[in-house]
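Grab a pencil and open the viewer. Here are some short exercises, each with a solution to check yourself against.

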Amino acid sequence: MAHALAESHEEAANDRVMFGFWVYLMTDLLMFAVLFAVYAVLQGNTLGGPTGRDLFSLPLVLAETLILLTSSFTCGIGMIAARAGNKNQVLTWFGITFTLGLMFLGLELYEFAELIHEGHTITTNAFFSSFFTLVGTHGLHIISGLLWMAITLIYVLKRGLNKHMVRKLTLLSLFWHFLDIVWIFIFTIVYLRAFV
Amino acid sequence: MSKTSHHLPDHPKGDHGTMHSYIIGFLLSLLFTAIPYYLVVSKSVTGTALLATILGIAVLQMAIQIFFFLHLGRGPKPLYNVVFFVSTVGIILVVVLGSIFIMDNLQYNMTGAEVNKYLAQKEGISQLGGEKTGACQGTNANHKVTLKSGKVSPLHTEARLCDTITFINEDDMVREITFGQHPKHDAYSGNNDLLVRKGRGKTITLNQPGTYKFHDHLNPDIAGDFTVIP
């Protein structure tokens, strides 16, 4: 009886944590929405300079998108393994997710470096200011997600899987899927839209 | 493997994904990435129709991710997170659509080319995309127009292009210098009105040739004009 009570207490606490994290994700989403609105408004203000259509590489962006979508999928498979209590599979699938995340980050940094090398920086015009802010903010989220993932995986490796660890992984996977959703809109509104 | 983790899978709640649902979600998300990409690259659809299509597919893509990966709406009890999500989407629609609507209206009144010209003149950029903007660089002659006891002196000023003109207010009240006919004014080189406080002056660069009338918006009788020779 006491055991069951403790169990339901823990479950309620778990629900609260999940909801709290959900609230964080939604406020983060609001911040991205504002950055999207700024980009939508300023994307044409290039001061006579080149536009996204002249500079963006669609194949590169498609590769980034496919990598991130796949990482979201492997992250989900990792969660199935976590709930089944399979430590090795968790390490494998989240390891793949981590690697894909790093690849995505590498491609994004490559794109930024190319643009900056050609003289298009955040101070060039309103279009680039809003572009670097929106895409860069997503990139910063990816970096924090990767750090979080690395730390969590080290914990799993050292201490094994338990309820708390599964909860941590659940929050991490929510965050990762969330970044995937934000990227879909960057893919569509920033990159594809430039070629419409 | 810890012992506690063994009873985790038979959780009574149905908010976790199965391998099956993850694979379906993944395949659908690949499909809904390929379709808009193909549409944009192949240019089989163009313009507004294409934009509407790819935006629609992005929303669909989001729905897939939320359903198959985030499992929203498949949790237990009152779905507070769904309620919160829906209200967030509402706020997002207001912020994004509202911004675009308002800014488009501004753009309607001032086109992109005009914005560029205005910025070029303010920043003294003499060339934009290989074309001369007419913006002035460096300083030329300065002309002074004094407003004192409700009188403008001189009433008429002659200047060359890229000279400057300074409106000096020596009265004990604020003057609002506007250009064109009262009460509907025209802007002079991007200046709609110049607020000149008592005892102060305001300078503008004369980068539009022609003859222009100016007056104090608060006392339209206080008026004068200047001619800018190219």
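The exercises below deal with a predicted model, and each solution goes step by step.

**Exercise 1. Get a feel for chain A: how many helices and strands are there in it?**

Step 1: count the elements. Chain A has six helices and zero strands.

Step 2: read along the sequence, and the pattern comes out as α-α-α-α-α-α.

Step 3: put a box around chain A. Taken along the principal axes, its C-alpha atoms fill roughly 75 × 30 × 25 Å.

**Exercise 2. Work out how helix 5 and helix 6 of chain A run: roughly parallel or roughly antiparallel?**

Step 1: start with the geometry. Helix 5 (residues 126-159) and helix 6 of chain A have axes 10 Å apart and pack at an angle of about 160 degrees.

Step 2: compare that angle with the cut-off, where over 145 degrees counts as roughly antiparallel. Helix 5 of chain A is therefore roughly antiparallel to helix 6 of chain A.

Step 3: look at the hand. Helix 5 of chain A passes helix 6 of chain A in a left-handed crossing.

Step 4: sort the contact residues by class. The contact between these two helices has 21 nonpolar, four polar and one charged.

**Exercise 3. Cross over to chain B: which residues in helix 6 of chain A meet helix 2 of chain B?**

Step 1: check the axes. Those of helix 6 of chain A and helix 2 of chain B come within 10 Å and cross at roughly 170 degrees.

Step 2: draw the conclusion. With that angle, helix 6 of chain A is roughly antiparallel to helix 2 of chain B.

Step 3: list the residues. From helix 6 of chain A come His177(A), Asp180(A), Ile181(A), Ile184(A), Phe185(A), Thr188(A), Ile189(A), Leu192(A) and Arg193(A). Their partners in helix 2 of chain B include Leu51(B), Leu55(B), Met62(B) and Phe69(B).

Step 4: tally the classes. This contact has 13 nonpolar, four polar and two charged residues.

Step 5: zoom in on Leu51(B), which is found in helix 2 of chain B. Leaving out residues up to four places away in sequence, Leu51(B) touches Arg193(A) and Val196(A).

**Exercise 4. Now try helix 3 of chain A against helix 2 of chain B: are they roughly parallel or roughly antiparallel?**

Step 1: helix 3 of chain A covers residues 58-83, and its axis comes within 11 Å of that of helix 2 of chain B, crossing at roughly 20 degrees.

Step 2: angles under 35 degrees count as roughly parallel, so these two helices are roughly parallel to each other.

Step 3: the crossing is left-handed.

Step 4: Leu69(A), Ser72(A) and Phe73(A) meet Gln61(B), Gln65(B) and Phe69(B). By class, that makes three nonpolar, three polar and no charged residues.

**Exercise 5. Find the second largest pocket: which residues lie nearest its centre?**

Step 1: the second largest pocket has a volume of about 880 Å³.

Step 2: its lining has 32 residues, with Phe36(A), Ile189(A), Leu55(B), Val96(B) and Ile100(B) nearest the centre.

Step 3: trace the lining back to its helices. Helix 1 (2-42) and helix 6 (163-194) of chain A each supply at least two residues, as do helix 2 (47-69), helix 3 (80-109) and helix 4 (112-123) of chain B. Helix 3 of chain B gives the most, with ten residues.

Step 4: split the lining by class, and you get 23 nonpolar, seven polar and two charged residues.

Technical notes:
Residues numbered from 1 in each chain as written. Chains lettered and ligands numbered in written order. Predicted model: local features only at pLDDT ≥ 70, side-chain atom pairs only at ≥ 80, totals over all residues. Heavy atoms only, no water. 1 Å grid on protein atoms, 1.4 Å probe; cavity = no way out; pocket = protein on both sides within 12 Å on 5 of 7 lines; lining within 4 Å. Points joined across faces, edges and corners; volume = space filled by probe spheres on them. Helix = DSSP H or I, 4+ residues; strand = E, 2+ residues; numbered from the N terminus. Nonpolar A, V, L, I, M, F, W, Y, C, P; charged D, E, K, R; others polar. Axes fitted to C-alpha atoms, helices over the stretch in contact; angles between N-to-C directions. Parallel < 35°, antiparallel > 145°, perpendicular 65-115°, else oblique. Left-handed = near helix turned anticlockwise from the far one by under 90°. Contact = heavy atoms within 4.5 Å.
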